[in-house]
Amino acid sequence: MSNETLKTISDRRSNRSYKPEQITKDELDALLKAAVEAPSARNAQPWFFSVVQDVALLDEINEDIAMNTQKEKRDVFYGAPTVIFISGDDTNRWAALDSGIAVENIALAATSLGLGSVILGYPDHSLLGPKKDYFAKKLKFPEGTSFTIAIAVGYAKDTKAAHEVKGEKIAYVK
Ligand SMILES: Cc1cc2nc3c(=O)[nH]c(=O)nc-3n(C[C@H](O)[C@H](O)[C@H](O)COP(=O)(O)O)c2cc1C
């Protein structure tokens, strides 16, 4: 069985190489619309979306990650021109899950528009680290929220095959 939505789900990939050109305002608006249209537990919408297109700020986060992980500095955003950071309400026990649903909405919307994306958990090494409050302010996270997940978006340079499904993941319980 196939349709446009199922094809978009199948076509999504994590892209780790991007052209330098910025996505359009219309594309960004469409991604953010898809984000806020996501379902959330009790419709609490316990999320906030911070759009970053400032290379210097992304570099500062890369620097901080390198320091906190004691690893060589690398671009954890893969040169993507736009990164959307999601922060979740600290008091909402579904905030991480709801953020995950919202971020997948963004990823699928990106695929549907011909954009590449990659969901990023790794910035937690900075955004939940010793400089958490400093970066929360820079990223305009509302008070009482913390980083949950991010997604880098842009025009992808790389292509790859779909990931293989590992092992038996489905049981039919009768
Ligand atoms: C919650 C989550 C966190 C992730 N964090 C990272 C990350 O920090 N860096 C990265 O390169 N990929 C990250 N990924 C992408 C996964 O590595 C990727 O989804 C997986 O390898 C399957 O590949 P595919 O997305 O192309 O199907 C993350 C994915 C998820 C769902």
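Helices here are DSSP runs of H or I with at least four residues, numbered from the N terminus. With that in hand, let's walk through this predicted model.

**First stop: helix H4.** Select residues 95–112 to bring up H4, a helix of 18 residues. From its first C-alpha to its last it reaches 26 Å, close to the 26 Å expected at 1.5 Å a residue. Now step past the end of H4 to Gly114, which follows the helix and has a positive phi, near 80°.

**The buried residues of H4.** Go back and show the side chains of the buried residues, among them Ala95, Asp98, Ser99, Ala102, Val103 and Ile106. An α-helix has 3.6 residues a turn, so residues three or four places apart point the same way. What do the buried residues of H4 pack against? Colour helices H1 (4–11) and H2 (25–36), then strands S1 (47–52) and S2 (82–89), and add S3 and S4: these are the partners.

**Next: strand S3.** Select residues 116–120. Four of the five residues of S3 are buried, so the strand is largely enclosed by the rest of the structure. Add residues 145–154 to see S4, which runs antiparallel to S3 and is joined to it by five bridges. For one pair to centre on, try Ser117, which stands opposite Val153 in S4.

**Last stop: the ligand.** Show Arg13, Ser14, Arg16, Val118, Ile119, Leu120, Gly121, Tyr122, Ile149 and His163, the residues around the ligand. Which element gives the most to this shell? That is S3, with three residues. Colour the shell by class and you should find five nonpolar, three polar and two charged residues.

Technical notes: Residues numbered from 1 in each chain as written. Predicted model: local features only at pLDDT ≥ 70, side-chain atom pairs only at ≥ 80, totals over all residues. Buried ≥ 20, exposed ≤ 12 C-beta atoms within 10 Å, placed from the backbone. Helix = DSSP H or I, 4+ residues; strand = E, 2+ residues; numbered from the N terminus. Pairing = 2+ DSSP bridges. Near = placed C-beta within 6 Å. Nonpolar A, V, L, I, M, F, W, Y, C, P; charged D, E, K, R; others polar. Expected span 1.5 Å × (residues − 1). Contact = placed C-beta atoms within 7 Å.
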